[in-house]
Amino acid sequence: MEYGLTIDTGPSIKRETTMEQFIGLDVSLKDTFISVREGGQRVWRGKCPSDPKLIAEVIRKRAPNAERVVFETGPLSVWFYHALKQEGLPAICIDARHAKAALDMARNKTDANDADGLAHLSEVGFYREVRVKSFDSMLTRTLVAARSQMLKATTQLSNQIRGLMKTFGLVVPKGTGRVFEGHVRSLLTSNAGLEQIILPVLEAWRGLRTRAAELSKQLVASARASEECQLLSSIPGVGAVTASSFVAAIEDPENFRKSRSVGAWIGLTTRRYQSGGVDYDGHISRRGDNHLRGLLYEAAVVILTRTTADSALRIWGLKLKEKIGFKRAAVAVARKLAVIMHTMLRTGELFDRSITAEA
């Protein structure tokens, strides 16, 4: 099926030009609204279940000459992007924050109008494409996130047990792991009624702790099998979790032309506001991967407070701490650490304690 215009160039010569179509997808968990534009106007709009194969069939039917298929970042964006690429469609994932400014100009906020707006952005080329991670990187990120949630749930349950027992005058001494469990069981022997309530919670705490340990073993084994993670682990304060998360986030060091860009990409650079006579630097932008940013900050804190081996990075951070305070110095060290880690991935060299990267 072809869409085109017939141009009369003479009594016996005719040509057909095929026009390109631009598609916008407003993806939700249940349904996806589809809008097709051609020649500066909408030619079709509809919806179908949020299944990439079904969406590909609709696009091939309604827009056989699709030039761009645009959708926003979201929970399903990784799956949609790779699935649509496998179907042979020119899928493009764009920054939802960038698209929001254009979509908010619509008079009525509906899914169908959002699809129209995305199709319009696709046609005029006014969008910011984002890099969609591979499934292997997402597996690592999922492993790290699942482990973190398990550890968080374990801590919450132990705090709940302490709080419930404190109501009855049973104060659990400080301790973690088996020490904590031993204290709880010994205190409950004097209160049979409370024991029947707390023990099931304690069993759930122990089960979560066991599962978290299993995920930790998987993460450590994966980090040991990765040359990139082993390389980054040569930095004091950087462990398997931070190294694996950084490698999964960066994927290919060539994704960044300059190592200095990594700090801004993670959200560790200050925001600047300038308007008229007002010009000041604010807090860090906090854009990008929240979890990775937190891990780098924790690594920076370890470098400033716990590591015994001196390095140029640690000495620089301690001097900065005296000038601007501990928290701001830790953020600066985290930003510089991100630059150093990216440089190490690109060069393949181990951490040099005598060198600090410019950030």
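**Note on four local features of the model**

1. The side chain of Glu 181 makes a polar contact with the side chain of Arg 206, at 3.2 Å. This is a predicted model. Glu 181 sits in helix α6, which spans residues 177–188. Is Glu 181 buried or exposed? Its relative accessible area is 11%. Buried means under 20%, so Glu 181 counts as buried.

2. Arg 206 also appears among the contacts of Glu 181. Leaving out residues up to four places away in sequence, Glu 181 touches Leu 202, Trp 205 and Arg 206.

3. Next, helix α1, residues 52–62. Its buried residues are Pro 52, Ile 55, Ala 56 and Ile 59. They cover an arc of only 100° around the axis, so they lie on the same side of α1. On the other side of α1, Lys 53 and Lys 61 are exposed.

4. What do the buried residues of α1 pack against? Four strands and a helix: β3 (21–27), β4 (31–38), β5 (41–49), β6 (66–72) and α2 (77–86).

5. Look also at the start of α1. There, a side-chain oxygen of Asp 51 comes to within 3.1 Å of the backbone nitrogen of Lys 53. Lys 53 is one of the exposed residues on the side of α1 away from the buried set.

6. Now the pair α9 and α13. Helix α9 covers residues 240–250, and α13 covers residues 326–347. The two pack at an angle of about 70°, with their axes 11 Å apart. Angles of 65 to 115 degrees count as roughly perpendicular, and α9 and α13 are therefore roughly perpendicular to each other. The crossing of α9 past α13 is right-handed.

7. Which residues meet where α9 and α13 pack? From α9 come Thr 242, Phe 246, Val 247 and Ile 250. From α13 come Ala 338, Met 341, His 342 and Leu 345.

8. His 342 deserves its own point. This α13 residue is buried, with a relative accessible area of 0%. Neighbours within four places in sequence aside, His 342 is in contact with Phe 246, Ile 250, Pro 253, Phe 256, Lys 258, Ser 259 and Val 262. Phe 246 and Ile 250 are among the α9 residues that meet α13.

9. How far apart are His 342 and Phe 256 in sequence and in space? In sequence, 86 residues separate them. In space, C-alpha to C-alpha, they are 8.8 Å apart. Phe 256 is one of the contacts of His 342.

Conventions. Residues numbered from 1 in each chain as written. Predicted model: local features only at pLDDT ≥ 70, side-chain atom pairs only at ≥ 80, totals over all residues. Heavy atoms only, no water. Buried < 20%, exposed > 50% of the residue type's maximum accessible area, 1.4 Å probe, protein only. Contact = heavy atoms within 4.5 Å. Arc of directions from axis to C-beta. Polar contact = N/O pair within 3.5 Å; in protein donor to acceptor, adjacent residues only side chain to side chain. Axes fitted to C-alpha atoms, helices over the stretch in contact; angles between N-to-C directions. Parallel < 35°, antiparallel > 145°, perpendicular 65-115°, else oblique. Left-handed = near helix turned anticlockwise from the far one by under 90°.
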